[in-house]
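Look at the structure below before reading on. The paragraphs after it go through charged pairs, a cavity and a surface patch.

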Amino acid sequence: MAFTLKQLRYFVAVTEAGTVSGAAHALAISQSAVTEAIRELEADLGVTLFDRHPRGLDITQKGHQFLRHATGILSNVSDARHALSTEAEDITGTLHIGVTSLVAGYVLSDILARFRRANPKVEVNAVEDSGDYLEHLLVGGELDVAVMVTSNMRDRMALQTEIIDVSPYQLWLPNGHDLSTRTSVSIGDLIDEPMIMLRVDEIEEATRKLLSAFGARPRVAFRTRSVEAVRSLVATGAGIALLPEMVYRRWSLEGDRIVSRDVSGSLPVVQVGVVWRKGAPLSRAAREFVLAAQVHNNAK
């Protein structure tokens with residue numbers, strides 16, 4: 001028996017909720033329906049997608065590998081429906097987009113893939129830079145749109161923003177760390193821990209401000225501009241990290257496990273949005289890109 005789109009939707013919902021009950025609530029269906037769908041999907045694939053424990057479910061390495069394929073299939077189905085509801089006339093021209101470093105590989109890639117499939121005749125020119133510089137290019141009319149971290153935007157009066165992702169901070173720990181046995185960790189627990197700092201999109205500055213607000217001073221063990229380096233360093237026990245949930249993955253490139261935990265207290269969130277110059281008419285290509293960003297948000 002081949003797996004169904006319904007099973008894929010239920011599987012993705014469970015990975016997002018972390019529990020069958022949470023997925024059932026989000027889908028407005030019974031828990032037994034979710035449990036049965038996951039069981040049938042695992043039987044069809046011949047792998048275990050989740051490790052079961054009293055607090056919920058942890059996705060396995062095989063499950064993590066399959067998740068990317070599942071979300072891709074559901075994305076393609078959504079794109080196919082969209083293609084049938086849009087005008088038949090092909091859009092041409094050039095679209096100039098900007099992106100900040102943190103979201104380039106985690107948000108832009110999906111939006112751009114959707115846009116290219118629907119608008120293959122549009123040439124896309126993309127530039128990656130800091131949020132401040134992208135704001136400057138947008139205001140000056142050198143960019144049509146940008147996908148960027150908007151939490152620290154300076155020129156909000158001149159720019160229009162549509163939020164497409166909101167990501168809270170999480171604590172990253174190596175598997176087996178003392179704090180990994182807790183469901184929630186306080187900022188005070190982190191004071192003496194060596195910390196890996198990510199130096200992109202003002203994340204380091206935000207992390208320092210976050211800790212200082214609680215009277216804690218970070219003991220920085222390593223500073224890097226690479227998320228993958230943070231993953232590897234945390235997984236091998238070089239330190240811990242505070243990073244937005246959207247960049248969290250359970251495995252490093254070397255296959256070592258990374259555990260995430262919520263941090264108790266009033267923590268900020270990282271907002272990602274699609275941004276364009278306020279009052280300026282959007283080209284058809286730019287409107288299609290904004291639509292692709294909205295579809296990305298709805299498909300999460």
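A salt bridge is counted when a side-chain nitrogen of Lys or Arg is within 4 Å of a carboxyl oxygen of Asp or Glu. The model shown here is predicted, and a search of the whole structure finds nine salt bridges. Side chains of opposite charge can pair when their charged atoms come close.

Begin with helix α3, which covers residues 31-45 and holds both Arg39 and Glu36. These two residues are three apart, about one turn of the helix, and their side chains form a salt bridge with an N to O distance of 2.5 Å. Arg39 is partly exposed because its relative accessible area is 46%. Glu36, at 33%, is partly exposed as well.

A second pair reaches out of this helix. Arg52 and Glu42 form a salt bridge in which the closest N and O atoms are 3.0 Å apart. Arg52 belongs to strand β1 (residues 50-53) and Glu42 to helix α3, so the salt bridge ties together parts that are ten residues apart in sequence. The two partners are covered to differing degrees: Arg52 has 49% relative accessibility and counts as partly exposed, while Glu42 has 12% and counts as buried, since buried means under 20%.

A third pair is Arg250 and Asp58, with the closest N and O atoms 3.7 Å apart. This pair links distant parts of the chain, 192 residues apart: Arg250 is in the loop between β10 (241-244) and β11 (258-264), and Asp58 is in strand β2 (residues 56-59). Arg250 is buried, with a relative accessible area of 17%, whereas Asp58 is partly exposed at 25%. Salt bridges with shared partners join Asp58, Arg250 and Arg257 into one network.

Now turn to empty space. The whole structure has three cavities of 30 Å³ or more, and the second largest has a volume of about 40 Å³. Which residues line the second largest cavity? They are Gly131, Asp132, Glu135, Met148, Val149, Asn152, Met153, Arg154 and Glu202. Helix α6 (131-139) and strand β5 (145-149) each supply at least two residues of this lining, and α6 gives the largest share, three residues. By type, the lining has three nonpolar, two polar and four charged residues.

Last comes the surface. Ile163, Val166 and Val269 form a nonpolar patch there, with about 200 Å² of accessible area together. Ile163 lies in strand β6 (residues 159-174) and counts as partly exposed because its relative accessibility is 31%. By contrast, Ala285 in helix α9 (residues 284-299) is buried, at 5% relative accessibility.

Methods:
Residues numbered from 1 in each chain as written. Predicted model: local features only at pLDDT ≥ 70, side-chain atom pairs only at ≥ 80, totals over all residues. Heavy atoms only, no water. 1 Å grid on protein atoms, 1.4 Å probe; cavity = no way out; pocket = protein on both sides within 12 Å on 5 of 7 lines; lining within 4 Å. Points joined across faces, edges and corners; volume = space filled by probe spheres on them. Helix = DSSP H or I, 4+ residues; strand = E, 2+ residues; numbered from the N terminus. Nonpolar A, V, L, I, M, F, W, Y, C, P; charged D, E, K, R; others polar. Patch = residues over 30% accessible without salt bridge, like charges linked within 9 Å, V, L, I, M, F, W, Y side chains within 5 Å. Areas by Shrake-Rupley, 256 points an atom, 1.4 Å probe, with all protein chains shown as cover. Buried < 20%, exposed > 50% of the residue type's maximum accessible area, 1.4 Å probe, protein only.
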